[in-house]
Amino acid sequence: MIKKIFKRPYIYFLILIFFGYLILNVIISQFYITIQYIPKYLETIRWGELLLSGIFSLTIGILIAINSVLIYIKFKERKKIKKQALLVSLGTVGGFATGVCSACVAGLFPLIFGLFGVSFSFLSLPFKGMEIQLLIIGILIINIYILTKQKSVCT
């Protein structure tokens, strides 16, 4: 099943979803603004955290693309996918919530909370929001496992 997503036309869907997710994530988290200030604050940036958060964001994008294509394939095969679609949606929203760099930018949840006058930042968490990214990665990996496992046929 997993090999099927790397063949045409699914590979095109995979690439399109991955880049679409990344573009939306950069726009929603306003990382394009943060990048402008990196040269100005070179001494204060924790490069390890920024790099790790960026790797987590790329991983989430890849996993969301794989999950989305697998759900599409299962849907075409007329399989029940309600739970898996819910988990992918949860992963996608969580990915958008943490942004590209959860320690650098506001993300979706802080933006929504700010509309109601509630101050919230992932910086207040022990690992500056990277624990949320790891949780999302875990959810998406479990979902891929659920989507690809084969049911045994009793004979």
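This report describes the predicted model of one chain, from its overall make-up to selected residues.

## Overall make-up

The chain has 155 residues, of which 35% are buried. Its secondary structure comes to 6 helices and 0 strands, and the pattern read along the sequence is α-α-α-α-α-α. Among contacts between residues at least 6 apart in sequence, 78% join residues at least 24 apart. The accessible surface is about 10000 Å², and carbon and sulfur atoms account for 72% of that surface.

## Confidence

The mean pLDDT of the chain is 76, with 70% of the residues at 70 or more. Among the elements, helix H1 has the highest mean pLDDT, 89, while helix H5 (residues 108-115) has the lowest, 61. Where pLDDT is low, the predicted coordinates should not be read in detail.

## The segment before H1 and the start of the chain

Pro9 lies in the segment before H1. The peptide bond that joins Arg8 and Pro9 is cis, with omega about -5°. Most residues other than glycine have a negative phi, and most peptide bonds are trans. Arg78, which follows helix H3, has a positive phi, near 65°.

Ile5 has contacts beyond its neighbours up to four places away in sequence: Tyr10, Ile11, Leu14, Ile66, Val69, Leu70 and Ile73.

## Helices H3 and H6

Helix H3 covers residues 47-76, 30 residues in all. At 1.5 Å a residue these should span 44 Å, and the end C-alpha atoms are 43 Å apart, so the two values agree. For the 19 residues of H6 the expected span is 27 Å, and the end C-alpha atoms are 27 Å apart, which again agrees.

The buried residues of H6 are Met130, Gln133, Ile136, Ile137, Ile139, Leu140, Asn143, Ile144 and Leu147. An α-helix has 3.6 residues a turn, so residues three or four places apart point the same way.

## The nonpolar core

In soluble globular proteins, nonpolar side chains tend to be buried together. The largest nonpolar core in this model has 23 residues. Those with the most contacts inside this core are Ile5, Leu14, Ile60, Ile66, Val69, Leu70 and Leu140. Helix H1 (10-29), H3 and helix H6 (130-148) are the elements that give two or more residues to this core. H3 gives the most, with 10 residues.

## A buried asparagine in H3

Asn67 is found in helix H3. Its relative accessible area is 0%, and Asn67 therefore counts as buried, the limit being under 20%. Leaving aside neighbours within four places in sequence, Asn67 is in contact with Val88, Leu140, Asn143, Ile144 and Leu147. Among these partners, Leu140, Asn143, Ile144 and Leu147 are buried residues of H6.

## Glycines in the helices

Gly91 is in helix H4 (residues 82-98) and is buried, with a relative accessible area of 1%. Beyond its neighbours within four places in sequence, Gly91 is in contact with Ile60, Ile64, Ile136 and Leu140. The C-alpha atoms of Gly91 and Gly61 are 9.6 Å apart in space, and the two residues are 30 residues apart in sequence.

Gly138 is found in helix H6 and is partly exposed, with a relative accessible area of 28%. Its C-alpha atom is separated from that of Gly91 by 9.3 Å, although the two are 47 residues apart along the chain. Gly20 has its place in helix H1 and counts as partly exposed at 30% relative accessibility. From Gly20 to Gly61 the C-alpha to C-alpha distance is 9.0 Å, across 41 residues in sequence.

## Aromatic rings

A pair of aromatic rings is described by the distance of the centres and the angle of the planes. The count of aromatic pairs comes to 4. Phe18 and Phe19 form an edge-to-face pair, 5.2 Å centre to centre and with 70° between the planes. Phe18 is buried at 16% relative accessibility, whereas Phe19 is partly exposed at 46%. Tyr10, Phe13 and Tyr72 are linked into a cluster by ring pairs.

Key:
Residues are numbered from 1 along each chain as its sequence is written. This is a predicted model: local features need pLDDT of at least 70, side-chain atom pairs count only at pLDDT 80 or more; totals for chains, interfaces and linings use all residues. Side-chain values use heavy atoms; hydrogens and water are left out. Helices (H or I, at least four residues) and strands (E, at least two) are DSSP runs, numbered from the N terminus. The expected span of a helix is 1.5 Å times one less than its number of residues. Buried means under 20% relative accessible area, exposed over 50%, partly exposed in between (1.4 Å probe, protein chains only). Contact means heavy atoms within 4.5 Å. A nonpolar core is a set of buried Ala, Val, Leu, Ile, Met, Phe, Trp, Tyr and Cys residues joined through side-chain atoms within 4.5 Å. Rings of Phe, Tyr and Trp (its six-membered ring) pair if their centres lie within 6.5 Å; planes under 30 degrees apart count as stacked, over 60 as edge-to-face and the rest as tilted. Accessible areas come from the Shrake-Rupley method with a 1.4 Å probe; for residues, only the protein chains shown count as cover. pLDDT is the predictor's confidence in each residue, from 0 to 100.
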